[in-house]
Structures are given as structure tokens and as C-alpha cells.
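Biologist: I have just opened this one and do not know my way around yet. Could you walk me through it?

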Amino acid sequence: MNRVQLYKALCILALLALMSFVSAHAQYKLSGKITVDREQATLEKIIVQLVNAENDSTINSMPVDKDGNFSIKALEGHYLINFEWDSYILEQKSVALKSDTDLGIISLSLPVYDALKGVAVTAKAQSLKIEDGKLIYTPAINSAQSAFEVLQTTPTLTVTDEAIQLNGNGNPRIMINGRWQRMPVDQLLTYLKSLPAQKIKSIQVVRNPGAEQDAENNSGYINIILRDQKEQGYLGSLSMNAFKATYFNYNPAINLSAHLGKLQLNANLGYSNGKMKTPGSNFLHFPDKYWEEHNRQVRTSNALPLSVNADYQLNKKHLIGAGITYQHSRYKSDEHNQTDIFNLNRTQIDSSLLTKGKNPETMSNLSLNVNYTYNINDSGRKISIDLNHYEQNYNRLQEFTNFRFDASGQPTQAGQSFRSGNDQRMLISTANIDVQHPLKWLNLNYGAKFSYISNQNRTSFYQYLSDNWEPDNNRFDHFTYDESTYALFARASKEVQKWSLSTGLRWEFTETMGISKVYNIRNKNNYARLFPSASIGYNPSTTHNYSLNYSRRIDRPFFGQVNPFRWYHTQYAFTNGNPSLQPYFSHNIELNYVLHQKWFFGAYYSRSDGMFSEYDLVDPVSNFRETRVDNILDLNVYGLNASAQAYPLKFWLLIPQAGISYTRIFSKADFLNYSAGTFVYSALYQQFNLDEKKQWLFDANTYVYAPRNYGIMQLKTLWTQSFKLTYATSDTKWQFVLSANDVFRSAAMRYNSIINETLRERYVYRDQRHIGLTVRYNFKNGTTQAKREKSQSNEEEMDRTRG
């Protein structure tokens with residue numbers, strides 16, 4: 001970054017900081033009186049908490065006095081007011097504050113406790129509502145569950161032991177208390193299984209993020225809000241998740257959080273050790289031959305993730321925080337690819353090929369974060385500054401040997417051995433400023449972001465000749481990619497009786513430079529774009545919630561997709577990146593409706609222009625199969641989805657979900673014959689309480705993907721059935737989960753495709769059938785206040801390293 005760019009970024013930050021320090025507007029008083037349904041209850045234990053309805057940030061909180069009275073001041077605006085007792089939300093009300101308001105007498109019901117065991121056996125019922133374009137799910141409290149099981153009961157989500165899917169959107173990003181979770185999905189799921197369900201306050205599902213979020217967020221996000229607890233102390237959990245598929249895998253973890261007065265700490269340490277087998281096949285119908293490939297990959301993995309975050313409250317106005325995340329991972333893949341080449345009638349083998357290889361990989365990630373929040377006043381006006389630095393070092397080596405045999409299985413040539421390597425170093429630095437600025441008649445949110453990315457790749461290629469590894473200098477490369485992005489955003493929202501309106505605009509200017517020294521490629525690009533967003537909500541009552549949302553987004557390629565390095569699968573099949581790849585843009589509209597806080601109905605439309613996509617280019621003469629990625633598609637997607645929550649019987653929770661989408665694809669490549677396709681899915685989650693105190697639970701989870709066309713692929717039916725039995729001790733300290741996943745081994749991906757008049761039949765199964773046991777031990781000393789963590793500002797950039 002040169003001096004002019006740095007000067008621009010500093011000027012933007014200084015201007016926004018100056019705008020935030022404006023005079024405060026008049027405040028209004030919100031008051032009332034609490035009564036409870038239990039004599040001799042200590043009313044001072046009830047906490048009244050005023051929450052910003054838009055971003056779920058706490059404006060103010062206070063205990064009621066001994067007579068149950070309370071009084072809180074705030075600026076005009078729309079708020080949520082929570083009434084909490086011993087960390088439980090007893091009641092939540094929506095308040096439009098326009099003048100001094102007296103809520104009058106508020107009658108609350110306290111949870112019933114078992115006098116001998118000291119645990120709550122009843123809790124507030126679950127609810128579902130739409131606020132400010134967010135689907136907010138408040139789950140019922142169940143001491144036998146973990147955060148993972150709570151997520152499985154969340155409408156519009158399909159959650160399995162392999163992935164979290166936002167129906168109709170794909171794989172969403174995950175937040176916990178506003179902080180992005182950066183672990184690989186398998187480690188994230190293990191972490192969620194270690195979190196007790198009692199810590200979950202609500203789950204926010206956002207399909208169409210607003211201007212305050214990075215423009216690159218097409219899959220939406222989920223924000224898991226943990227409960228606020230007021231007393232000092234610490235709490236934590238120890239867990240061990242083990243399962244047996246083809247091989248044995250285990251994942252121990254420890255989570256610890258502490259509230260030490262002004263200092264709050266959160267730490268997580270895990271370890272994973274596993275081995276997964278992935279069999280697959282490719283049947284290729286060439287004009288004069290029939291190729292039958294059978295692939296087998298056995299992947300061993302070891303990972304050690306560690307994260308520590310701290311917040312220090314200097315005083316009521318000033319909060320500083322810092323965090324460090326480190327992960328070291330080692331992988332090793334053993335591959336065996338056997339190809340039998342038949343005559344056209346498939347009556348005899350003409351010849352065969354064999355590729356055997358070992359692919360060791362190491363990766364280390366280090367992320368540093370420093371953040372500062374200045375609360376200007378009690379109305380919610382504040383300014384937040386967030387600085388991040390991320391480093392990734394990745395080394396990958398591939399050694400493979402090719403063999404060729406005749407029809408009788410005799411070798412026709414000596415084995416040819418090759419070695420290729422890829423060393424990558426990535427640096428990402430970001431600076432973000434965010435201002436919350438509620439006014440008397442309007443709520444404003446504005447800010448700026450700057451990010452700089454440096455990606456260095458070195459590749460090598462050797463062939464084993466005459467007892468030595470001889471370099472192939474034409475396949476060595478030093479590829480560099482640099483990217484700078486400047487962003488400004490502003491968002492305004494307003495409550496008008498039963499209507500909520502918001503609109504936002506984000507501006508991003510991006511400069512990129514990609515250089516491949518060996519291939520003599522130099523790609524320089526810069527572009528500036530506007531990303532508008534808007535949301536209209538109508539809430540005539542708690543029975544009906546409506547929301548209409550729009551946003552324009554961008555999808556940038558993963559860094560691995562722009563690297564021209566060639567990765568071989570067999571001697572006839574390879575993959576390489578495309579340094580000329582361009583980002584693509586999309587328009588997204590959705591209409592959502594919630595009925596009786598239980599039923600959800602959604603409709604959506606998305607249009608993407610110049611979408612990049614991978615495809616296989618098959619040469620029927622040489623039989624080479626190259627996997628490329630290019631900007632080749634225009635996409636139109638229309639979809640409907642629905643979900644519900646019902647209790648057919650008191651002990652039986654039923655969550656059915658279904659969806660249908662219609663996709664029209666227009667290809668920019670003449671040799672790819674894309675067509676329209678319809679996708680239908682359904683899912684059914686069932687939970688049975690096997691005893692009155694809900695210590696024993698039985699879950700059954702089913703989902704089905706019907707046959708569908710997507711681009712050049714004709715995908716076949718995919719379905720799976722999983723079961724789970726959960727037990728929690730009466731004091732909730734110990735929890736045991738016995739699980740059986742993909743019981744019928746039916747979750748294999750199968751599809752056909754045709755390129756250059758060559759039919760390809762593909763099958764792959766990722767060893768998803770397994771039986772597992774999870775053990776959790778929860779401990780605490782006092783009660784810990786879950787900090788409202790800051791959202792790190794470099795999530796977009798880090799997400800692109802995962803491709």
C-alpha cells in the first residue's frame with residue numbers, strides 16, 4: 001500500500017470518527033413494575049435489559065428494586081426489553097420509545113426448580129419471529145442438549161455431522177456472539193457439541209446481509225447469541241467426541257470462559273485425530289473406448305486449534321479487546337486410482353492404468369485481533385474500531401507413480417514417478433470502523449473498511465530419472481497475488497408503527513495484481529462497485545411477521561482458484577487454476593412470512609452474471625481430462641421453502657422442512673450444454689422426550705434430495721437417516737450422546753454429465769456412515785457473563801483461503 005492509499009484510508013477513518021462525536025439528543029424514560037407468581041421471591045434478582053432491536057447490542061441494564069420498580073433512559077427508537085431471572089429470559093417485549101413510557105404492571109412467571117437438585121425443570125417456550133430482516137429463533141431450554149442439537153431444531157437449517165446448510169442458500173458463515181468462527185467445519189461442529197444448550201439465548205438466521213456486512217456474503221450467516229449472566233466466576237466444559245467409520249476418529253476439546261470483574265476471558269483448545277476413506281468411480285464413454293476408473297483415497301488428519309479472547313472494560317464508556325487464534329494441521333492422503341480400458345462393447349480389457357500417490361500437507365494459521373469500543377452515551381451511540389492480521393503458511397507435496405499394463409495385466413513400461421510441490425504464504429491485514437448512531441427520528445449505522453492481501457505461491461515439478469529427481473523447469477513457477485480493497489457503508493432504519501424500514505449502500509473499490517513468472521502472465525484489475533440493500537418489515541401482531549429484503553452481492557474467487565499450478569489426479573486427469581478469473585455479481589430478493597411463531601414460509605429469486613464455475617474438459621482423442629474454472633455462467637434461481645415446528649404429543653417435537661427451486665443456466669461456452677433444472681428437498685427432524693425431566697432424548701434426522709439437473713450434471717437421489725440417544729445427569733454436569741449417522745449408507749453423490757459427446761458417470765462416498773459417542777462434563781464456579789464479542793472485520797478475506 002502506497003502513501004496516497006494510506007492517506008485516503010486514514011482520512012476516511014478520521015472523518016467517520018468525527019461524525020460520531022455529535023451532541024446527544026433528548027432521552028426518554030421507560031418504567032414499569034414487576035410482579036411474580038411466587039411469594040417471598042427476591043425481586044432484586046430480576047434484571048431489566050434494554051436491547052437495540054437491530055443489532056442485539058445491550059443499551060442498558062439494571063436490577064429492579066425490592067418493590068419491583070424499574071426506570072431506564074434511552075433515545076427515541078425501537079427496542080427489545082428483556083426481563084431476566086437467574087440467566088433465564090422470563091419475558092421479552094418490543095417497545096417503540098417516542099416519549100416517557102410507563103409499561104405499568106408486568107406479571108412474570110418464575111421457572112420451577114427442583115429443591116433437591118437445584119435445576120430448572122421448566123422454561124420459556126421456543127419462539128420464531130422476523131426482526132429487521134433477521135429470522136430470530138428462541139429455543140426452549142433443555143439441559144440434555146448441546147448447541148449442536150439446538151441448531152438442529154432451528155427452522156430453515158439442515159444440520160448433520162458433516163455440514164450446516166441454510167436451505168436454499170448453501171453453507172452459511174457462523175458467528176457466536178457476533179464473532180466469526182474460523183475453524184474448519186468438522187472442528188466447528190465438535191466445538192458446538194461441547195457447548196451446553198443452557199448457554200443459548202437465541203439464534204439469528206440472516207439470508208440477505210445488509211450494507212454493514214461485507215458485500216461478499218452470498219450464503220448468509222448464522223449468529224448464535226449466548227446468554228448474559230451477571231455474577232463473576234468461570235464456567236467451562238470438557239468433551240470427547242469419538243466415532244468409528246471405516247477408521248476410528250476422536251476429538252477432545254476444552255472450553256473455558258471467565259468473568260473477572262472488568263476482565264472477561266474466553267478460551268478454546270481442541271485436538272482432532274482422524275482417518276477417512278473416500279471411495280469413488282468414474283465411468284467414461286469415449287467414442288472408441290470405455291474407461292472404468294476406481295478411486296480410493298485414505299486421508300489422515302491431525303489438527304490442534306487454540307483461541308483466546310479477552311475484553312477489558314476500562315469504564316462504562318471504554319472497552320478494549322484482543323484475541324489470538326492459532327491452528328496447526330497436518331494431513332496425508334494415500335491415493336490409489338485404477339483405470340481399466342475396455343473395448344467399445346465392454347467385452348474385454350484392452351489395457352489398464354494405475355496411479356498411486358502420497359500427498360502430505362501442513363498448514364499453520366495465526367490470527368491476531370485488537371478492537372476498541374467507545375460508548376458515547378446510554379442511547380446506544382458508539383464507535384468501534386477493529387484491526388486484524390492473519391497469516392497462513394501452507395505446504396503441499398504430491399508424489400505419484402504411473403503404471404501401464406496390457407490386456408493380460410503385464411506391465412508395458414516401467415513406472416514413471418513424479419513429484420510436485422506447492423508452498424504458499426498468505427498475509428491479510430484489515431482495518432474497520434463502525435459507528436452506531438441512533439437519532440431521535442432515525443437509526444444510522446455507517447463505517448469504513450480497508451483490507452490488503454498478499455499471496456505468495458511457489459510451485460515445483462520433478463521426474464525421477466536415473467536414480468535422481470530431475471527438475472522440470474518449465475513447470476516451476478512463482479505466482480504472486482496482491483489485492484487492496486477500500487469500502488464505505490451507510491445504513492438507515494426507521495420504525496413506523498407496525499412497519500420497519502431500512503436501506504443501506506456499500507461502496508467498494510478493489511485493486512488486484514496477479515503475476516505468474518514462468519507462464520509470463522500479468523493480470524492487473526481494478527473496479528469500483530455499489531452494493532445497495534433494503535428491507536421492509538410488517539408486524540401487525542405476534543401471530544404474523546412479514547419481511548421483504550433485497551441486496552446486491554459479489555463473489556470473488558478463492559485464492560487457490562487463481563493459482564495456475566497444475567495438480568495431477570492420474571496421468572490423464574489434472575486440475576489447474578485460472579489467474580484471469582473475475583468476480584461475479586448477483587441480485588437477491590426474498591419474501592419471508594412467519595405464522596404463529598412456528599411456521600416459516602419463504603420465496604426467493606437470485607440472478608448471477610458471469611459466474612465462475614469448474615468444469616471438466618474431456619479430449620476424446622487423447623483421453624485427457626482437465627478440470628478448469630472460468631466465468632462461463634449466467635444463473636437465474638427461483639425458490640420456495642417452508643418449515644414448521646409442532647408438538648403432535650407433549651413429548652414429541654416434529655420439525656418438517658421442504659423446498660423447491662428452479663434454475664435456468666446460460667452458458668458462455670458453446671461446448672457446454674447447460675439446461676434448466678428443478679431441485680426438490682425435504683427434511684424431517686424428530687425429537688422424543690423419554691422422561692418427564694427431559695434427561696433422556698431420542699432424535700431421528702432424515703433428509704432427501706430428489707434427482708435434479710444442475711448445469712451439465714444430472715444428479716441422482718441422495719438421502720440419509722441418522723439417530724441419536726442423549727442422556728444428561730440430573731445436575732446437568734454430565735451429558736452422553738450415542739449417535740448413528742447415515743445408517744443405510746445412502747449419502748453418496750452420484751451424477752452423469754456429457755461434455756464433447758463423452759458421457760461421464762460419477763460416484764463418490766465420503767465415509768459418512770459411522771457410530772459415535774460424545775461425552776461432556778460441564779463445570780463452573782460462580783456465574784460467568786458471556787461477553788458480546790466483536791465481529792472481526794476480515795471474515796470475507798479469510799473465507800476465500802478455504803477454497
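Modeller: Let us start inside one strand: Gln327 is found in β21, which covers residues 318-342. Please keep in mind throughout that this is a predicted model.

Biologist: Is Gln327 buried or exposed?

Modeller: Gln327 counts as buried, because its relative accessibility is 8% and the cut-off for buried is under 20%.

Biologist: Which residues does Gln327 touch?

Modeller: Leaving aside residues up to four places away in sequence, Gln327 touches Pro184, Gln187, Ala303, Leu304, Pro305, Met363, Ser364 and Asn365. Met363 is 36 residues from Gln327 in sequence, and their C-alpha atoms are 8.0 Å apart in space. There is also a polar contact of 3.1 Å between the side chains of Gln327 and Ser329.

Biologist: Gln187 was in that list, so what about helix α3, residues 185-194? How many of its residues are buried?

Modeller: In helix α3, 8 of the 10 residues are buried, so the helix is largely enclosed by the rest of the structure. The buried ones are Gln187, Leu188, Leu189, Thr190, Tyr191, Leu192, Lys193 and Ser194.

Biologist: Stepping back, how many helices and strands are there in the protein?

Modeller: The protein has 4 helices and 46 strands. Of its 803 residues, 54% are buried, and the accessible surface comes to about 34,800 Å², with 56% of that belonging to carbon and sulfur atoms. If you take the contacts between residues at least 6 apart in sequence, 66% of them join residues at least 24 apart.

Biologist: What is the mean pLDDT of the protein?

Modeller: The mean pLDDT is 83, and 88% of the residues reach 70 or more. Residues 16-25 stay under 50, and for that stretch the model has 23 contacts beyond four places in sequence. Residues 783-795 are also below 50 in pLDDT, and this stretch has 74 contacts in the model beyond near neighbours in sequence.

Biologist: Back to strands. In what order do the 3 strands of the open sheet with β1 run?

Modeller: The order is β4-β1-β7, and the pairing in this open sheet is mixed. Strands β4 (69-74) and β7 (101-108) stand at the edges with a single partner strand each, so one side of each is left without a neighbour in the sheet. From one strand to the next, the twist averages 20°.

Biologist: How do β1 and β4 pair?

Modeller: Strand β1, residues 28-36, pairs with β4 in the antiparallel sense over 6 bridges, and Lys33 stands opposite Asn69 in β4.

Biologist: What about β8, residues 127-131: which of its residues lie on each side?

Modeller: Ser127, Lys129 and Glu131 are on one side, with Leu128 and Ile130 on the other, and all of them are buried, so both faces of the strand are covered. That fits a general pattern: in a regular strand the side chains alternate between the two faces of the sheet.

Biologist: And which strand does β8 pair with?

Modeller: β8 pairs with β9 (residues 134-138) in the antiparallel sense over 5 bridges, and Thr138 in β9 is the bridge partner of Ser127. The two strands form a hairpin with 2 residues between them, and Asp132 in the turn has a positive phi of about 55°.

Biologist: What is usual for phi in residues other than glycine?

Modeller: Most residues other than glycine have a negative phi. Here, Asp742 has a positive phi near 45°; this residue lies in the loop between β43 (734-741) and β44 (749-755) and counts as buried, at 0% relative accessibility. Gln597 also has a positive phi, about 60°, and sits in the loop between β33 (584-595) and β34 (599-618), where it counts as partly exposed at 28% relative accessibility.

Biologist: Last topic: what does the side chain of Gln424 make a polar contact with?

Modeller: The partner is the side chain of Asn457, at 3.1 Å. Gln424 is found in β24, residues 411-438, and is buried, with a relative accessible area of 10%. Among the residues that Gln424 touches beyond four places in sequence are Gln392, Tyr394 and Asn455.

Biologist: And where is Gln695?

Modeller: Gln695 is in the loop between β38 (677-689) and β39 (696-705), and is buried at 13% relative accessible area. The side chain of Gln695 reaches the backbone oxygen of Ala728 at 2.9 Å.

Definitions and conventions: Residues numbered from 1 in each chain as written. Predicted model: local features only at pLDDT ≥ 70, side-chain atom pairs only at ≥ 80, totals over all residues. Heavy atoms only, no water. Buried < 20%, exposed > 50% of the residue type's maximum accessible area, 1.4 Å probe, protein only. Contact = heavy atoms within 4.5 Å. Areas by Shrake-Rupley, 256 points an atom, 1.4 Å probe, with all protein chains shown as cover. Pairing = 2+ DSSP bridges. Axes fitted to C-alpha atoms, helices over the stretch in contact; angles between N-to-C directions. Polar contact = N/O pair within 3.5 Å; in protein donor to acceptor, adjacent residues only side chain to side chain. pLDDT = per-residue confidence, 0-100.
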